[in-house]
Amino acid sequence: MKIFVILSRVPYPLEKGDKLRAYHQLRELSSRHEIVLCCLSDSPVHPDARQKLGELCSEIHILPLQKWRICLNLLLCIFSRKPFQVMYFYQRKVHRAITALIAASKPDHIYCQLIRTAEYAKDEHGYPKTLDYQDAFSKGMERREEKARWPLKSIFAAERKRLIAYENIIFEYFEYKTIISDEDRRHIYHPERKDIAIITNGIDTVYFTPQAHVAKRCDVLFTGNMSYPPNIETAEYIILEVLPLLKKSKPGITITLAGSAPHRRVKQLENINGVTVTGWVDDIREVYASAKCFFAPMQSGTGLQNKLLEAMSMKLPCVASSLANRPLKAVDSESIIIADTPEGYAAAILSVLNDEKLAGEIGRSGRTFVKMNFSWAESVAQLSLLMQRG
């Protein structure tokens, strides 16, 4: 089967969740199907991207988004009912190019990742189509709205309403729909949302495997794209709310914040004693291996936290919020430790740091859990079967 894939970003390097999901789905799909890849791009393309993606796809088309057009679209969006992030990624010139590429390639199926790309394929009625919602964007916006102050609060409220409406409307244009978790599916407010197939993420447990030879250089670790608002908020929460409580019992405790493109708010946290901000790292496995405990007190955002899958796969004992664990469904105090207050987090982290036996048990159980429940091969096999219905 020939599949025409439309992505809102070039899926390399894998520093963001949507890129990681797209890359691994392409890798698995390419073993049984021909892939024609079409990516939008609003930033410079990594020099290795074409070579890496060329190993998976028969054709690669990278279509740049014009900056001035993005700005104009966002301005015009004031007079539109479409979400800002849909308008951000839509340009008519790009739409014409994609339409021509679809006509030339004559695919058996069209696959769109995220509602950001849906406008480019929704009217292609001659082909069966699948839309990957991935996350419930409207719920993520609602959580950001709850924490924001005016005027951002009113902007987020307006975007939330637009997203809810668009997530419902776009449902009708695609024969098949997918999403990352049951938790996210519950927040798509379409009467037939049960028809959305759950295609979870996976984890490469061979790649993310324990590295006992690496010295433990930090006590607590948090990773992620450090320019992403929920990760910025989480980093500040860790350092400003939880770290002071930890220092009461362990004055010399160290915390590492690792991930690409750290926002200035994240960089400022390095001024606090014991905090390290790494920025981009070439091999994130070394960072996981160097830590004693992984901490993910996510307060907002949606979807499955890939960072938790990676840390658990490397036998790193994890402390997380209920919100972060909902899509994961790990068992509290068995494969993970759950808390939801600064005091609860501090107590959980200290229990892991002070009890090597407990840390080892949680780490081993966590790796077993992800090996049993999160496989790219199995999740993409489900996606492949879904596409082959059309």
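**Exercise 1. Place E286 in this predicted model: which element holds it, and what does it touch?**

*Solution.* Start with the secondary structure: E286 sits in helix α11. Next, look at the solvent. With a relative accessible area of 45%, E286 is partly exposed, because that class runs between 20% and 50%. Now leave out residues up to four places away in sequence, and the contacts of E286 are Q211, V214 and R217. Finally, compare the chain with space: E286 and F208 are 78 residues apart along the chain, and their C-alpha atoms are separated by 9.9 Å.

**Exercise 2. Classify the ring pair of F208 and Y288, and work out what parts it ties together.**

*Solution.* Begin with the geometry. The ring centres of F208 and Y288 are 6.4 Å apart, with 75° between the planes. A pair needs centres within 6.5 Å, and an angle over 60 degrees counts as edge-to-face, so F208 and Y288 form an edge-to-face pair. Then find the two partners. F208 lies in the loop between β7 (197-198) and β8 (218-223), while Y288 belongs to helix α11, so the pair ties together parts that are 80 residues apart in sequence. Both residues are buried. To finish, widen the view: ring pairs join Y207, F208, Y288 and F294 in a cluster, and the whole structure holds eight aromatic pairs.

**Exercise 3. Describe the second largest pocket: what is its volume, and which residues and elements line it?**

*Solution.* The volume first: about 420 Å³. The lining has 20 residues, and K216, A291, K315, L316 and P317 lie nearest the centre of the pocket. Now go to the elements. Those that give two or more residues to this lining are α11 (284-289), β11 (291-296), α14 (342-354) and α15 (356-373). Of these, α15 gives the most, with four residues. As a last step, sort the lining by chemistry: twelve residues are nonpolar, two are polar and six are charged.

**Exercise 4. How many cavities of 30 Å³ or more are there, and what surrounds the second largest?**

*Solution.* The search of the whole structure gives two such cavities. The second largest has a volume of about 30 Å³. Its lining consists of V5, L7, A22, Q25, L26, L29, Y111 and Q113. Trace these back to their elements, and β1 (2-7), α1 (17-29) and β4 (109-113) each give two or more residues. The largest share, four residues, comes from α1. By chemistry, the lining of this cavity has six nonpolar residues, two polar ones and no charged ones.

**Exercise 5. How many disulfides does the structure hold, and why is C38 not in one?**

*Solution.* The count is zero. Check C38: the closest cysteine sulfur, in C39, is 6.8 Å away, which is too far for a bond, because a disulfide needs sulfur atoms within 2.5 Å. C318 fails the test as well, with the nearest cysteine sulfur, that of C293, 7.2 Å away. Now add the accessibility. C38 is buried at 0%, and C318 is buried at 1%.

**Exercise 6. Inspect the backbone: where are P13 and P151, and are K106 and L114 buried or exposed?**

*Solution.* Take the prolines in turn. Y12 and P13 are joined by a cis peptide bond, with omega about 0°, and P13 lies in the loop between β1 and α1. W150 and P151 are also joined by a cis peptide bond, with omega about 5°; P151 is in the loop between α6 (137-147) and α7 (152-171).

Now turn to phi. K106 has a positive value near 50° and is found in the loop between α5 (92-105) and β4. L114 has a positive phi too, near 75°, and is located in the loop between β4 and β5 (129-134). For the solvent, K106 is exposed, at 59% relative accessible area, whereas L114 is buried, at 1%.

**Exercise 7. Which residues does N306 contact, leaving aside its neighbours within four places in sequence?**

*Solution.* Locate N306 in helix α12 (residues 306-313). The relative accessible area of N306 is 13%, so this residue is buried. With the sequence neighbours set aside, the contacts of N306 are G17, L20 and N201.

How values were computed. Residues numbered from 1 in each chain as written. Predicted model: local features only at pLDDT ≥ 70, side-chain atom pairs only at ≥ 80, totals over all residues. Heavy atoms only, no water. 1 Å grid on protein atoms, 1.4 Å probe; cavity = no way out; pocket = protein on both sides within 12 Å on 5 of 7 lines; lining within 4 Å. Points joined across faces, edges and corners; volume = space filled by probe spheres on them. Nonpolar A, V, L, I, M, F, W, Y, C, P; charged D, E, K, R; others polar. Buried < 20%, exposed > 50% of the residue type's maximum accessible area, 1.4 Å probe, protein only. Contact = heavy atoms within 4.5 Å. Phe/Tyr/Trp six-rings, centres within 6.5 Å; stacked < 30°, edge-to-face > 60°.
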